[in-house]
Amino acid sequence: MADAVIVVALLLVAVSATAAVAVRDPVRQALVLAVLGVVLAVLFTVLQAPDVALSQLAVGSALTPLLLLLAVHKVKRRGRKEGRHR
Amino acid sequence: MNGWILAATVTLGGGVGATVWGVATGPLGRRVVAQNLCTAFACPALLLLSQGSDRPSYVDLALVLALLGPVGTLVFARLLAEELAEDPPSAWGLTYAAAAVGAVVVLAVCVTVGPSRAMAKLLVVGVLLIGGNLVASRALSGGFPELRRG
Amino acid sequence: MSRRVRLWLLAVGGAGLATLFVAAALDLPALGGDHHPYGDRAVHASLARHTANVIASVNFDQRAFDTLGEMTILFAAVVGCGVLLRQTRDEHRDRPAPEKVARPVRRHALLVLPVALLTGLYVIAHGQLSPGGGFQGGVVAATSLHLLYLGADYRALERVRPVGLYETGDAIATSAYVVTGLAGLIGGTAFLANTVLPYGTFNTLSSGGTVPLLNAAVGMEVACAVVVLLARFLDQAVEIEEGNGK
């Protein structure tokens with residue numbers, strides 16, 4: 001593939017990954033991770049690895065954010081209950 | 001480096017780059033919209049890459065992204081319904097623009113491929129992408145009105 | 001060890017690692033060269049067995065034993081999650097009330113669900129022909145089922161998802177993979193050898209010997225495992241509450 005598209009994809013992955021580490025709140029991090037997943041899949045496609053890209057898409061687009069947000073939801077619910085009982 | 005790959009580079013650099021910036025900064029409403037538009041721009045980029053590198057098998061990637069990308073946005077819309085209800089995000093201009101980009105790319109690739117089973121698959125991808133994008137935007141701006149327990 | 005000493009140690013170690021990294025990177029072949037000794041042999045073996053997708057051939061034929069390991073890792077992880085997230089004695093279940101969802105979202109979810117399910121099955125079935133295979137298609141199929149939760153209601157999801165059935169399906173699929181491997185042993189060659197079935201016509205659905213069978217087993221296993229995993233998470237997040245109920 002042409003070099004320009006590889007460079008663009010690599011830059012996008014670098015920026016998204018740094019943003020994923022820099023964002024500290026789990027909910028916002030889940031959002032950045034969803035975008036990072038898509039960008040990684042595009043990088044894999046550009047480097048001619050469509051099987052890996054398909055795996056990344058399948059797992060990172062809906063499954064990982066769902067697991068993360070369910071965990072956050074549970075923790076928030078417990079915190080809210082304790083607040084009410086206090 | 002042919003025209004298709006150039007178009008894919010522009011879509012990635014401009015569209016997906018803007019969504020990466022949008023999801024990393026700003027209020028929650030903007031971040032969720034950026035996540036939604038990331039799918040809307042990455043899917044046409046994959047279609048362009050598939051046409052540019054002459055690998056029709058990459059259309060499967062665009063198909064799975066067009067299916068599961070909006071599902072990801074629905075996850076956020078449902079589980080963050082309370083936070084989003086205070087300030088419903090609505091960026092219909094951007095959403096329609098992204099849908100237009102998707103439609104243009106799908107039509108261009110369909111015309112190049114010519115009537116065949118491949119074109120039928122491309123049309124399915126286009127419908128799923130645009131439909132999913134619009135419905136996910138609707139879900140973000142008030143699709144879960146009285147969510148209490150999740 | 002004080003903080004300063006720790007930071008100095010980190011700096012020294014990091015500098016050493018960085019030097020080694022740079023030295024190795026300068027010695028690498030250029031990106032995208034055409035000298036691939038292992039790739040040539042893998043492609044040759046895959047074509048000899050009429051499998052169009054070389055990755056599927058490597059995963060389910062040439063190194064099928066590694067895939068068995070990966071599948072059992074997923075199985076064990078889901079069992080572990082089930083143990084960790086089970087309902088304990090000081091928790092009780094609280095049925096969630098039905099929720100209201102906007103009409104277009106609900107309609108979209110119910111329309112996309114069969115399409116996504118079919119796509120998942122399509123990706124599994126065409127694993128030996130185009131990019132995809134058991135793992136990818138299984139995850140897509142399992143995620144599609146949860147559109148019922150995202151677009152409608154948790155109770156709607158519970159109705160189509162009797163968890164015991166999916167746990168059984170997970171176990172059956174894992175065993176199916178092992179049994180297919182044993183067929184190779186019984187046939188006189190090796191465990192998981194691809195000599196039991198005819199190789200078929202190249203680039204059609206019935207090609208590749210045992211690759212489509214192992215694909216189907218992994219697809220079913222992954223789909224059931226993901227459904228069970230999400231069921232545990234959803235139960236904890238939506239239903240199970242602390243306290244002994246009132």
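Which helix of chain B gives the most to the lining of the largest cavity? Keep that question in mind as you work through the exercises below on this predicted model.

**Exercise 1. Describe the largest cavity and find the helix that gives the most to its lining.**

Solution. Start with the count: there are four cavities of 30 Å³ or more. The largest cavity has a volume of about 80 Å³. Next, look at who lines the largest cavity: the residues include Val33(B), Asn36(B), Leu37(B), Trp92(B), Thr95(B) and Leu140(B). Then sort the lining by element: helix 2 (28–52), helix 5 (92–113) and helix 6 (117–140) of chain B each give two or more residues. Helix 2 of chain B comes out on top, with three residues. Finally, sort by class: the lining of the largest cavity has six nonpolar and five polar residues, and no charged ones.

**Exercise 2. Compare the expected span of two helices with their end-to-end distance, and decide how enclosed each one is.**

Solution. Take helix 2 of chain A, residues 26–46, to begin with. Its 21 residues, at 1.5 Å a residue, should span 30 Å, and the end C-alpha atoms are 30 Å apart, so the two values agree. Of these 21 residues, 15 are buried, so helix 2 of chain A is largely enclosed by the rest of the structure. After this helix comes Gln48(A), which has a positive phi, near 65°.

Now repeat the steps for helix 3 of chain B, residues 59–79. The expected span is 30 Å and the end C-alpha atoms are 31 Å apart, which agrees. Here 21 of the 21 residues are buried, so helix 3 of chain B is largely enclosed by the rest of the structure.

**Exercise 3. Characterise two of the aromatic pairs by geometry, position and accessibility.**

Solution. A search over all chains gives three aromatic pairs. One of them joins Trp92(B) and Tyr96(B), with centres 5.7 Å apart and 35° between the planes, and is tilted. Both residues belong to helix 5 of chain B; because they are four residues apart, about one helical turn separates them. Trp92(B), also part of the lining of the largest cavity, is partly exposed because its relative accessibility is 29%.

Another pair, Phe65(C) with Phe191(C), is edge-to-face, at 6.2 Å centre to centre and 80° between the planes. This pair links distant parts of the chain: Phe65(C) is in helix 4 (residues 64–84) of chain C, while Phe191(C), 126 residues apart from it, is in the loop between helix 9 (163–186) and helix 10 (211–239). Phe65(C) counts as exposed because its relative accessibility is 55%, whereas Phe191(C), at 28%, is partly exposed.

**Exercise 4. Find an aromatic ring in chain C with a charge over it.**

Solution. Go to Tyr149(C): the charged end of Arg78(B) sits over its ring, 4.7 Å from the centre.

**Exercise 5. Set sequence separation beside C-alpha distance for two residue pairs in chain C.**

Solution. First, place Asp235(C) in helix 10 of chain C. With 9% relative accessibility, which is under 20%, Asp235(C) counts as buried. Asp235(C) and Arg86(C) are 149 residues apart in sequence, and their C-alpha atoms are 8.8 Å apart in space.

Second, place Val196(C) in the loop between helix 9 and helix 10 of chain C. Val196(C) has 38% relative accessibility and so counts as partly exposed. Along the chain, Val196(C) and Arg155(C) are 41 residues apart, and 45 Å separates their C-alpha atoms.

Conventions
Residues are numbered from 1 along each chain as its sequence is written. Chains are lettered from A and ligands numbered from 1 in the order in which they are written. This is a predicted model: local features need pLDDT of at least 70, side-chain atom pairs count only at pLDDT 80 or more; totals for chains, interfaces and linings use all residues. Side-chain values use heavy atoms; hydrogens and water are left out. On a 1 Å grid over the protein atoms alone, a cavity is a set of points where a 1.4 Å probe fits but cannot get out, and a pocket is an open set with protein on both sides within 12 Å along at least five of seven lines; lining residues have an atom within 4 Å of a point. Grid points are joined across faces, edges and corners, and a volume is the space filled by probe spheres set on the points. Ala, Val, Leu, Ile, Met, Phe, Trp, Tyr, Cys and Pro count as nonpolar, Asp, Glu, Lys and Arg as charged, and the others, Gly among them, as polar. The expected span of a helix is 1.5 Å times one less than its number of residues. Buried means under 20% relative accessible area, exposed over 50%, partly exposed in between (1.4 Å probe, protein chains only). Rings of Phe, Tyr and Trp (its six-membered ring) pair if their centres lie within 6.5 Å; planes under 30 degrees apart count as stacked, over 60 as edge-to-face and the rest as tilted. A charge sits over a ring if NZ of Lys or CZ of Arg is within 6 Å of the ring centre and within 35 degrees of the ring normal.
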